[in-house]
Amino acid sequence: MRRRPALLTAVAGFGAAALLASGCSALGGEPEPEPVGSATAVAGEPAQDADLARYYDQRLQWADCSGGFECARLTVPVDYAEPGGATASLAVVRLRTAATGEDRLGSLVLNPGGPGASGVEYARAATGVTSQALRDHFDVVGFDPRGVGDSDPLRCLSDEQVDAFLATDPTPDDGGEVQALQQQAGALGAGCAASGELAAHVDSRSVTRDMDVLRAVLGDDRLNYLGKSYGTYLGALYADAFPQRVGRFVLDGVIDPALSSEEVNAGQAAGFELALRSYVQDCLAGDDCPLSGSVDDGVAQVRSFLDGLDARPLPTGTDRPLVQGLGYLALAYPLYARQLWPQLSAALGAALAGDGSAMLAFADAYAHRGADGRYADNSTTAIYAVNCLDRDDAEPLADVQRSVQEFAADSPTFGPFLAWGALACTQWPIPPVGTVAPVSAEGAGPILVVGTTRDPATPYRWAQGLAEELSSGRLLTYDGDGHTAYAMGSRCIDAAVDAYLVAGTPPEEGTTCT
């Protein structure tokens, strides 16, 4: 997660943050056959007018874009209430399966999280994020959501302004620091609003409408989908809006649409606190741990380190010292994946000895900042633009300040950081269009919900909650560490997910993997 509400879903997974940027061109190529899904309405869905039907009936112009992938551009309306108005262009990529006939199961659309993460880059890592079994039966498809990456992105801040934004004290101690935080949040909102009409329409419900257009244009009567982190939020909203269009759905690392913003922030604070304790316990049990004493002692030492950065930033060998805001990002990033814990121990040990360079590298990896000072994408800012539109429960400053103490009582390390995160949406210049409400997706086929017991970013109880809310939800549990479970090292999870996606057979209720 990035800062403030960004810890909300910034996880295209830690894995997506490591993907190399790449570009696709839609020039040339042969048109696809007429999609079989097209704009045909099904029971329970509103009829489409001619202006909307033209999006459903478009043909993508696919072109080779290296590595066996094809790329294209999908056109969607900026505002679905006015489909005859302005349009947006979305980047789409696919890796086609060699399967034919009954062995070919259509397309599997991926979303890695965010808001703000690139589905194109995630799909281009198909060999690492999907199994051979899936690629043997599905075209693997990714898209950059509206406002993100290569899909007509919002341009809210310059790279230098993002540097300043991330370096602002995220846990203000006095009125002056609160004002500085408000000023940075205000500048971000103003920058996004000034980027054009699209800024008012990057909400998640609009993205789910785009997903249904993509489904039809790909030629699929139903959407097969693998969503992780924030991608589960998109999947849940899609299933609720288009239950008859739900194919085989896997939602891994759940964001529950029924949760208020305060519940999300509090839940994430607790999740990261639990993940930190798991890391410290593992560190203390091994060699070369920079911490000492009990787990409580080790966690207190990490907290003291973060507190110290507030007054005494660490040198990094660059003109950017490791300030507290960057320290939080640096700590959060490796908590997403257990395999990064040894590197965290090394970086934390160096920082405790006075060298913040390795921790700064973690923070920059989280924010997708290159050594040249340029950010690879707009994920650091797009996450706010989406979150502030999606939720209609922004709190005034007084309530944010109240929540700081409450969060700190339950999650002393990450609580204040996440509580102050709510501040950005209190002054967002564009009114929200989404609401906080549970989903049921009545009439949809089985939806597989995957939860990890010690997930730092999306606590396990969120998966439990969504599986219960969905009329056809089926919970699959991974008893382990890290953010999301599929393709993260558990053969049991991978086998269960593959069996469902390929054969349509969900695991038995109550299945737990280790």
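Asp139 is buried (under 20% relative accessible area, with a 1.4 Å probe and protein chains only), its own value being 0%. The model is predicted, so local features need pLDDT of at least 70 and side-chain atom pairs count only at pLDDT 80 or more, while totals for chains, interfaces and linings use all residues. Residues are numbered from 1 along each chain as its sequence is written, and side-chain values use heavy atoms, with hydrogens and water left out.

**Salt bridges overall**
- The structure holds 17 salt bridges (a side-chain nitrogen of Lys or Arg within 4 Å of a carboxyl oxygen of Asp or Glu).

**Asp139 and Arg104**
- Asp139 pairs with Arg104 in a salt bridge, at 2.4 Å from N to O.
- Asp139 belongs to strand β5 (residues 139-143; strands are DSSP runs of E, at least two residues, numbered from the N terminus).
- Arg104 sits in the loop between β3 (87-95) and β4 (107-111), so the bridge ties together parts 35 residues apart in sequence.
- Arg104 is partly exposed (between the 20% limit for buried and the 50% limit for exposed), at 29%.

**Arg402 and its partners**
- Arg402 meets Glu262 in a salt bridge, at 3.7 Å from N to O.
- This pair links distant parts of the chain, with Arg402 in helix α16 (residues 397-410) and Glu262 in helix α10 (residues 261-285), 140 residues apart; helices are DSSP runs of H or I, at least four residues.
- Arg402 also forms a salt bridge with Glu406, the closest N and O atoms being 2.9 Å apart.
- Arg402 and Glu406 are four residues apart in helix α16, and therefore about one helical turn separates them.
- Partly exposed are Arg402 at 34%, Glu262 at 25% and Glu406 at 39%.

**Network**
- Asp282, Arg338, Arg454, Asp479 and Asp481 are joined into one network by salt bridges that share partners.
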